[in-house]
Structure formats: C-alpha cells, structure tokens
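Q: I'd like to learn how to read the packing in a model like this one. Can we go through it step by step?

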Amino acid sequence: MINGAHVIVYSTNPDADRAFLRDVIGLPHVDVGHGWLIFGLPPSEIAVHPAEKQSSHELYFMCDNIEAFVVAMQARDVVCGPVQNQGWGLLTQLTLPGGGTLGVYQPRHARPEPMIAGTGKIAGTQRKKKAKTRVTRTIARVAVRKASRRPTKKRGR
C-alpha cells in the first residue's frame with residue numbers, strides 16, 4: 001500500500017532552495033540527474049484541515065526544540081520569525097532563498113506512530129508488544145525473587 005510521501009515545493013529559485021535544504025537544513029538526498037535533488041525526510045504525518053478553496057497545501061518541518069533550531073539557523077545566517085505559541089506547538093517560519101516560506105514547529109500535540117515502509121504496519125506496535133512482554137516477565141521474576149526471600153515460619157516452640 002502506501003510506503004512514503006513525496007512533497008513538492010514550488011520555487012522561483014529551485015537551485016538555491018535545493019542547496020538550502022541540502023547544506024543548511026542537512027537533509028539526506030540523491031541526485032536523480034542534472035542536479036535535480038530528491039530529499040529524504042524523517043517520519044512524517046499528514047493532517048486534513050478545512051479550507052475555503054482547493055489547491056492550498058503547506059509544509060512544516062518538526063523539531064524537538066524550537067529554540068535550539070532557531071539558534072542553529074542564526075549560526076548559519078538564516079533569519080527565523082519570532083517563535084509563536086500556537087497551543088498545538090511552538091512555531092517559527094523562515095524564508096527560503098527562492099522567496100517561499102517554510103514553517104518549523106515543536107509539536108505539543110499527540111503524534112502517531114510512523115508506518116514501516118512497504119508493510120502498511122505501524123512501527124511502534126511491535127515495540128509496544130515487546131515492551132509489554134518484557135515488563136510482564138520482569139514483574140514475574142521480581143515476584144518469584146520476593147517469594148523465595150520470605151522467611152519461613154518456625155514451627156513449634
């Protein structure tokens with residue numbers, strides 16, 4: 001079924017924006033010919049929001065620490081907008097060399113487990129089952145140890 005997503009960013013200066021994603025953001029990439037780069041992305045998610053008209057899409061990168069991201073961008077002479085608390089996350093925007101904007105936020109909302117590419121399965125499901133099994137086994141071992149350490153009652157005296 002679904003094994004990934006392909007995001008398209010339209011730009012008036014695609015070479016500069018590709019260089020920015022490669023050199024500043026540090027995304028892994030492949031050159032599919034003539035300098036046309038396709039970038040790898042970390043696990044992602046998709047949301048559908050209501051709109052007044054069709055054909056409007058947005059791309060946001062997510063990070064663990066928005067303040068650290070802004071500092072890292074400043075070290076690369078990239079200006080980020082002020083960090084805004086949106087409730088669902090802490091949001092900033094930066095302007096790509098081609099003039100487009102890119103949102104970056106530190107999510108505060110629940111995040112779905114990523115899918116395992118090509119399988120249709122959710123990545124965290126197996127980990128959760130294994131963790132639950134480990135916890136159950138650990139509890140059982142502790143109970144056995146405690147039971148074996150209990151002093152026996154002395155009979156008759």
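Q: How many residues does the largest nonpolar core have, and which have the most contacts inside it?

A: In soluble globular proteins, nonpolar side chains tend to be buried together. Keep in mind that this model is predicted. Here the largest nonpolar core has 19 residues, and Phe20, Phe69, Met73, Leu94 and Val104 have the most contacts inside it. Helices H1 (14–24) and H2 (66–75), along with strands S2 (37–39), S5 (89–95) and S6 (101–107), each give two or more residues to this core. H2 gives the most, with 4 residues.

Q: Which residues of H2 are buried?

A: Ile66, Phe69, Val70 and Met73. Look down the axis of H2 and these buried residues fall within an arc of 100°, so they line one face of the helix.

Q: What covers those buried residues, and what does the face turned away carry?

A: The cover includes H1, S5 and S6. On the face of H2 turned away from its buried side you'll find the exposed residues Val71 and Ala75.

Q: Let's zoom in on Val104. Which residues is Val104 in contact with, leaving aside neighbours within four places in sequence?

A: Two residues of H2 are a good place to start: Val104 is in contact with Ile66 and Phe69. Its other partners are Tyr60, Phe61, Cys63, Leu90, Leu91, Thr92 and Leu94.

Q: And on the surface, which residues make a nonpolar patch?

A: Val30, Val32, Trp36 and Ile38 make one of about 380 Å². To find Trp36, go to the loop between strand S1 (29–31) and S2.

Key. Residues numbered from 1 in each chain as written. Predicted model: local features only at pLDDT ≥ 70, side-chain atom pairs only at ≥ 80, totals over all residues. Heavy atoms only, no water. Core = buried A, V, L, I, M, F, W, Y, C linked by side-chain atoms within 4.5 Å. Buried < 20%, exposed > 50% of the residue type's maximum accessible area, 1.4 Å probe, protein only. Contact = heavy atoms within 4.5 Å. Patch = residues over 30% accessible without salt bridge, like charges linked within 9 Å, V, L, I, M, F, W, Y side chains within 5 Å. Areas by Shrake-Rupley, 256 points an atom, 1.4 Å probe, with all protein chains shown as cover. Salt bridge = Lys/Arg side-chain N within 4 Å of Asp/Glu carboxyl O. Arc of directions from axis to C-beta.
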